[in-house]
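Me: I should like a close look at a single part of this model, followed outward to the parts around it. Please treat the matter in one connected account.

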Amino acid sequence: MSSDQVVTKIDLESHGFKKVASGKVREIYELDNDTLLFVATDRISAYDVILDNGIPTKGALLTQLSAHWFSLIASELPHLKTHLLTTSLPPSIPASLRPALENRTMQVRKHPILPLESIVRGYITGSAWAEYQRSGTVHGIPMPAGLKESQKLERPIWTPSTKAEQGAHDENISPAKAREIVGEEVARKVEEVSLRVYGMV
């Protein structure tokens, strides 16, 4: 496959693979009872909308970035077990599809989905700035008066959102709301790990 070819659609179903989900950028297939295959396409998503065009090799780049971060997390937080098994293509992928899928797949452990997007903010910008201008809060968290747009915060804060289905919009929520959704203990662990990962950069 040439480097300028854009991969926006993946068809493994016609080769006997069961599709589990289709996201804004990734397709998810079942390999066996314990393992999923994530395939990152070159699709573009903006404001929760999938655009018609794509960016060549975007999916491969996203996969390699993810692999780098999972490797870094494993070295810094060795007690944390992630879902990543390998970025190698499974042997069951037909030879005719391997060039298009090379460098854009991850084999992962099946695990229940956490219905949150875990976001850590070190600066006040984007939707956080818009909320602050309206109410003086960020994800419902009271903030000091007089902050400027894109100003560095005194300390990073955990600002989760919902993880919407395709076609719907993620919604910013407060940490308290996140605790209602996933429970106190899970939310506490997610916040703790997220802040530690943010502190690694």
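What is the relative accessible area of Lys-19? Please begin there and continue through its salt bridges to the sheet and the rest of the chain.

Reply: In this predicted model, Lys-19 has a relative accessible area of 27%, so it is classed as partly exposed. Its side chain forms a salt bridge with Glu-27, in which the closest N and O atoms are 3.3 Å apart. Side chains of opposite charge can pair in this way when their charged atoms come close. The acidic partner has another setting: Glu-27 is buried because its relative accessibility is 4%, under the 20% limit.

Glu-27 also meets Arg-43 in a salt bridge, with an N to O distance of 2.9 Å. This pair links distant parts of the chain, since Glu-27 belongs to strand β2 and Arg-43 to strand β4, with their positions 16 residues apart. Arg-43 is likewise buried, at 9% relative accessibility.

For contrast, consider a salt bridge within one helix. Glu-180 and Lys-177 are joined at 3.5 Å, N to O. Both residues sit in helix α4 (residues 175-182), three residues apart, or about one turn of the helix. Glu-180 is exposed at 62% relative accessibility, and Lys-177 is partly exposed at 38%. Returning to the starting point, salt bridges with shared partners connect Glu-13, Lys-19, Glu-27 and Arg-43 in one network. The model holds 10 salt bridges by the criterion applied.

The strand that carries Glu-27 leads to the sheet. Five strands make up an open sheet in the order β1-β2-β3-β7-β6, with antiparallel pairing. Its edges are β1 (18-22) and β6 (84-86), each of which pairs on one side only. From one strand to the next, the twist averages 35 degrees. Strands of a sheet pair through backbone hydrogen bonds, in either a parallel or an antiparallel sense. Between β2 (residues 26-30) and β3 (residues 35-40), the antiparallel pairing extends over five bridges. One residue pair locates the register: Tyr-29 has Leu-37 of β3 as its bridge partner. Helix α1 (residues 58-76) lies across β2, β3, β6 and β7 (105-109), and the helix runs at about 45 degrees to β7.

The strand that carries Arg-43 leads to a hairpin. Strand β4 (residues 43-46) and strand β5 (residues 49-54) run antiparallel and are joined by three bridges. Ser-45 is partnered by Ile-50 in β5. Two residues separate the strands of this hairpin, where Tyr-47 adopts a positive phi near 50 degrees. A positive phi also occurs at Asn-103, near 70 degrees, although the residue is not glycine. Asn-103 is placed in the loop between α2 (98-101) and β7, and it is partly exposed at 42% relative accessibility.

Further along the chain, Glu-131 offers a counterpoint to Glu-27. Glu-131 lies in helix α3 (residues 126-135). It is buried yet has no salt bridge: the nearest side chain of opposite charge, that of Arg-134, is 5.1 Å away, and a salt bridge requires a distance within 4 Å. The side chain of Glu-131 instead has a polar contact of 2.6 Å with the side chain of Thr-137. Beyond its sequence neighbours within four places, the contacts of Glu-131 include Val-138 and His-139. His-139 occupies the loop between β10 (137-138) and β11 (141-142). Its phi is positive, about 55 degrees, and the residue is not a glycine. With a relative accessible area of 3%, His-139 is buried.

Val-138 leads on to Ile-157: outside four places in sequence, Ile-157 is in contact with residues including Val-138, Ile-141, Met-143 and Leu-195. Ile-157 lies in strand β12 (residues 152-158) and is buried, with a relative accessible area of 7%.

As to the whole, the protein chain contains five helices and 13 strands. Its C-alpha trace spans about 60 × 40 × 30 Å along the principal axes. Of its 201 residues, 34% count as buried. Among contacts with a separation of 6 or more, 56% are between residues 24 or more positions apart.

Definitions and conventions
Residues numbered from 1 in each chain as written. Predicted model: local features only at pLDDT ≥ 70, side-chain atom pairs only at ≥ 80, totals over all residues. Heavy atoms only, no water. Pairing = 2+ DSSP bridges. Helix = DSSP H or I, 4+ residues; strand = E, 2+ residues; numbered from the N terminus. Axes fitted to C-alpha atoms, helices over the stretch in contact; angles between N-to-C directions. Contact = heavy atoms within 4.5 Å. Buried < 20%, exposed > 50% of the residue type's maximum accessible area, 1.4 Å probe, protein only. Lys, Arg positive; Asp, Glu negative; His and termini not counted. Polar contact = N/O pair within 3.5 Å; in protein donor to acceptor, adjacent residues only side chain to side chain.
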